[in-house]
Amino acid sequence: MSALLGLLCFAVLTSLAARRWLANAPWTYQAPGIAICVWQAVTFSVAGTLVLAGAALVLPQMHLSVDLAEMFRACVAELRHQYQTPAGAGLAVAGGVAAVALAVRFTFILSVLQSRAWSTRRSMRATLQLVGTHHPELGYVEVDHVVPLVYCVPGRFGARLSHRAGGTRGHGVVVTRGALEALTPSQLDGVLAHERAHLRARHDLAITAARALEQTFLGLGIFALAAERITELAEMQADDAARQGQRRDLAAALLLLGTAGAPVGAMGAGGATAVARIRRLAEPAVPLPGPGMAAAAGAVLTLVIAPLLLALVPTVLALFLDCCGNGTVAL
Amino acid sequence: MRQLGSLEAEVMRRLWDARGPMAVRDVLDDLQRDRDIAYTTVMTVLDNLHRKDLVVRSKRGRAYVYSPAQSREERTAELMGEVLTDAGDRGVALLRFVEQMSPGEVAELRQLLGELGEPLDDIHSDHTGGPA
């Protein structure tokens, strides 16, 4: 029981702490890459904690089977005490089923999202091969269309295919004629650096994983918040690929391309992200100081280790204090 | 759509650049200006493109003539439509450089950048605001 309570408390506290100190923290804009890592640690830690909480309900039952062995009798009694659950076996089954169901659900959603993305990308690459003009030396594919638009199609697969088709690296970046006409050469440089940074960092994977977690734990706001933040921070991290002197060019490009196209469908959070990015680019980059980095690394480590400790400590305590101490110590 | 071989893409481009429907022989002559290629290869490629619904064919005399099922412009517009409606911030298939901003957001930015004295307001005003 103590393990379950500890884990649930940890999940709640971590979510609250992330909302309080991570969601709107100015430092995340200074070091978006590190902030993405911390968000990933938060989400996987909370998700892992919830799965472990389900597993913790099963643990006493698992140890009951050891009861057959004479030498573990005292140990089991203590474990049963440590992991005492209100409704016993029924709850243990429910916990186990919930833990497995969560893990399966996440895996399923992740693979659906990823395979859907793959098939969309495959079809888009096929079309690009037909209607695009490949400029290997410039590192992008030009599409003859008036709407100014720049985007990238992530994936190693595509790089290989475009290579086979006679191209070289950089074929994941698509620029329309409209965008080429709207941007100055220096602005275009900044935009291309941004897109290549996305492809290099595999931001698509980070975003897909965050969305899969969001859909797995529908109703838990922390996962939706994390997915939204990670998406925004990925844009900012890619913006930082532009050279220091290019930041204003990139801001200008954002303003140009963010207002020039025809908005399609509902206006998402994308516009707000664009505003935040332009604000950020209007000022010089301030890297996160050393202590800040260390604190972030510490947070990631804690988030990963704490759930495991919380899940295991009651068992370990029981084993060492009671079994190994001949059951004389009762804590 | 399935991934196309580079030769299929090449033949597709020739068909688009052509004035009218092309017979296998026409495509072959066109291609042979740039490379050495066999009649049967071209025939197979056109057959593949037809199977993939990328070209339509009709009889002219005893031979088939081929023309693109969709114009290049239609295909491009379709692609751009897919990109724009890839649910922007929800989709994970591709990453767009920037989402569209609302007029309110643009006004807010202009004000901010004006205060900072940033030289961003020399952007042509005809690029701002709603649908093009």
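The numbered points below describe chain B and its surroundings, and then one strand of chain A.

1. The structure is a predicted model, and every statement here should be read with that in mind. Chain B contains five helices and four strands, which follow one another along the sequence in the pattern α-β-α-α-β-β-α-β-α. Of its 132 residues, 30% count as buried. Among the contacts in chain B that link residues at least 6 apart in sequence, 41% join residues at least 24 apart.

2. Helix α1 of chain B, residues 6-17, packs against helix α3 of chain B, residues 39-51, at an angle of about 85° and with the two axes 10 Å apart. That angle makes α1(B) roughly perpendicular to α3(B), since values of 65 to 115 degrees are counted in that class. On the α1(B) side the meeting residues are Leu7(B), Glu8(B), Val11(B) and Met12(B), and on the α3(B) side they are Val45(B), Leu46(B), Asn48(B) and Leu49(B).

3. The open sheet of chain B has three strands in the order β1-β3-β2, with antiparallel pairing. Strands β1 (22-23) and β2 (55-60) of chain B stand at the edges with a single partner strand each, so one side of each is left without a neighbour in the sheet. Between β2(B) and β3(B), the latter covering residues 63-68, there are six bridges in the antiparallel sense, and within this pairing Ser58(B) stands opposite Val65(B).

4. Arg60(B) belongs to strand β2 of chain B, which is one of the edge strands of the sheet. Is this residue buried or exposed? Arg60(B) is exposed, because there are 10 other C-beta atoms within 10 Å and a residue with 12 or fewer is classed in that way. Leaving aside residues up to four places away in sequence, Arg60(B) touches Ala23(B) and Val65(B). The C-alpha atoms of Arg60(B) and Met22(B) are separated by 10.0 Å, although the two residues lie 38 residues apart along the chain.

5. Helix α4 of chain B, residues 72-84, has 13 residues, which at 1.5 Å a residue should span 18 Å, and the 18 Å between its end C-alpha atoms agrees with this. The buried residues Thr76(B), Leu79(B), Met80(B) and Val83(B) belong to this helix. Seen down the axis of α4(B), its buried residues fall within an arc of 95°, so they line one face of the helix. A helical repeat gives the background to this, because an α-helix has 3.6 residues a turn and residues three or four places apart therefore point the same way. The face of α4(B) turned away from the buried side carries the exposed residues Glu74(B) and Gly81(B).

6. Which elements of chain A help to cover the buried residues of α4(B)? The cover includes helix α5 (89-131) and strands β2 (140-143) and β3 (150-152) of chain A.

7. In chain A, strand β4 (residues 173-176) is covered on both faces, with Val173(A) and Val175(A) buried on one side and Val174(A) and Thr176(A) buried on the other. Strand β4(A) pairs with β2(A) in the parallel sense over three bridges, and with β3(A) in the antiparallel sense, again through three bridges. Val175(A) takes part in both pairings, as the bridge partner of Glu142(A) and as the residue opposite Val150(A).

Terms used. Residues are numbered from 1 along each chain as its sequence is written. Chains are lettered from A and ligands numbered from 1 in the order in which they are written. This is a predicted model: local features need pLDDT of at least 70, side-chain atom pairs count only at pLDDT 80 or more; totals for chains, interfaces and linings use all residues. Helices (H or I, at least four residues) and strands (E, at least two) are DSSP runs, numbered from the N terminus. The expected span of a helix is 1.5 Å times one less than its number of residues. A residue is buried if 20 or more other C-beta atoms lie within 10 Å of its own, exposed if 12 or fewer, and partly exposed in between; C-beta atoms are placed from the backbone. The arc is that of the directions from the helix axis to the C-beta atoms. Two residues are in contact if their C-beta atoms, placed from the backbone, lie within 7 Å. Two strands pair if DSSP finds at least two bridges between them. Axes are lines fitted to C-alpha atoms, for helices over the stretch in contact, and angles run from 0 to 180 degrees between N-to-C directions. Angles under 35 degrees count as roughly parallel, over 145 as roughly antiparallel, 65 to 115 as roughly perpendicular and the rest as oblique.
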